[in-house]
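Please find below a colleague's note on the structure, set out as numbered points for a reader who has not met it before.

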Amino acid sequence: SLLNSSGIVDGIISNDGDCLLFGAKTIYTNFSLENLENRKVQRYEANTLIANLDGRNNSSSRRTIKLSQEDLVAFAMLCGSDMVGNGIPHCGYKKAVQFLSACKHLSQNANNTTCLDELLS
């Protein structure tokens with residue numbers, strides 16, 4: 001992740017999305033020669049990650065929020081990941097996204113604290 005965040009390499013080949021928590025800018029998943037030939041390797045750019053607030057994928061009016069690296073760390077703390085362990089009991093991705101959305105709404109109206117700041121406080 002350090003090599004990617006420093007711009008030394010273009011991306012990281014990994015099936016572990018936690019790379020984004022550590023500062024990776026680009027990760028490639030499902031990487032194999034077969035997937036490469038069939039154009040099935042997936043690319044994720046940290047600066048384009050969003051969360052869908054409505055739970056619908058095909059709606060043209062869906063509401064989304066942009067996710068920062070700190071948002072991803074907060075999400076991992078809530079839901080659990082390799083980085084933080086199990087997370088908070090009974091907190092799934094929907095509750096975590098609702099928390100992130102509420103924090104972002106509050107930070108726009110207040111002192112610009114991040115979701116991670118709110119979670120840690």
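**Note on the predicted model**

1. Strand 1 and strand 2 (residues 26-29) pair in the parallel sense, over 2 bridges. Strands pair when DSSP finds at least two bridges between them; strands (E, at least two residues) and helices (H or I, at least four) are DSSP runs numbered from the N terminus. The model is predicted: local features need pLDDT of at least 70 and side-chain atom pairs count only at pLDDT 80 or more, while totals for chains, interfaces and linings use all residues. Residues are numbered from 1 along each chain as its sequence is written, and side-chain values use heavy atoms, with hydrogens and water left out.

2. The sheet is open and consists of 3 strands in the order 1-2-3, with mixed pairing. Strand 1 (12-13) and strand 3 (42-45) are its edge strands, each pairing on one side only. Between strands 1 and 2, isoleucine 12 has isoleucine 27 as its bridge partner.

3. Isoleucine 27 deserves further attention. Leaving aside neighbours within four places in sequence, its contacts (heavy atoms within 4.5 Å) include Ile12, Leu20 and Tyr44. Isoleucine 27 is also among the residues with the most contacts inside the largest nonpolar core, together with Leu67, Leu72 and Leu100.

4. That core has 19 residues. A nonpolar core is a set of buried Ala, Val, Leu, Ile, Met, Phe, Trp, Tyr and Cys residues joined through side-chain atoms within 4.5 Å. Helix 3 (69-79), helix 4 (93-109) and helix 5 (115-120) each supply at least two of its residues, and the largest share, 4 residues, comes from helix 3.

5. Which residues of helix 3 are buried? They are Asp71, Leu72, Val73, Ala74, Ala76 and Leu78, where buried means under 20% relative accessible area, exposed over 50%, and partly exposed in between (1.4 Å probe, protein chains only). Just after helix 3, glycine 80 takes a positive phi of about 100°.

6. Aspartate 18 lies in the loop between strand 1 and strand 2. Aspartate 18 is buried yet has no salt bridge, and the nearest side chain of opposite charge, that of lysine 104, is 18 Å away. A salt bridge requires a side-chain nitrogen of Lys or Arg within 4 Å of a carboxyl oxygen of Asp or Glu; Lys and Arg count as positive and Asp and Glu as negative, with His and the chain ends not counted. Not counting residues up to four places away in sequence, aspartate 18 touches Ser81, Asp82 and Met83.

7. Why does cysteine 91 form no bond with cysteine 79? The sulfur of cysteine 79 is the closest cysteine sulfur, but at 4.9 Å it is too far for a bond; a disulfide is a pair of cysteine sulfur atoms within 2.5 Å. Cysteine 115 is likewise in no disulfide, the nearest cysteine sulfur being that of cysteine 103, 4.2 Å away. The count of disulfides is 0. Cysteine 91, at 16% relative accessibility, counts as buried, and cysteine 115 counts as buried at 1%.

8. Two residues that are not glycine have positive phi values. Arginine 39 takes a phi of about 55° and lies in the loop between helix 2 (33-37) and strand 3; arginine 39 is exposed, with a relative accessible area of 79%. Histidine 90 takes a positive phi of about 65° in the loop between helix 3 and helix 4, and counts as exposed at 74% relative accessibility.
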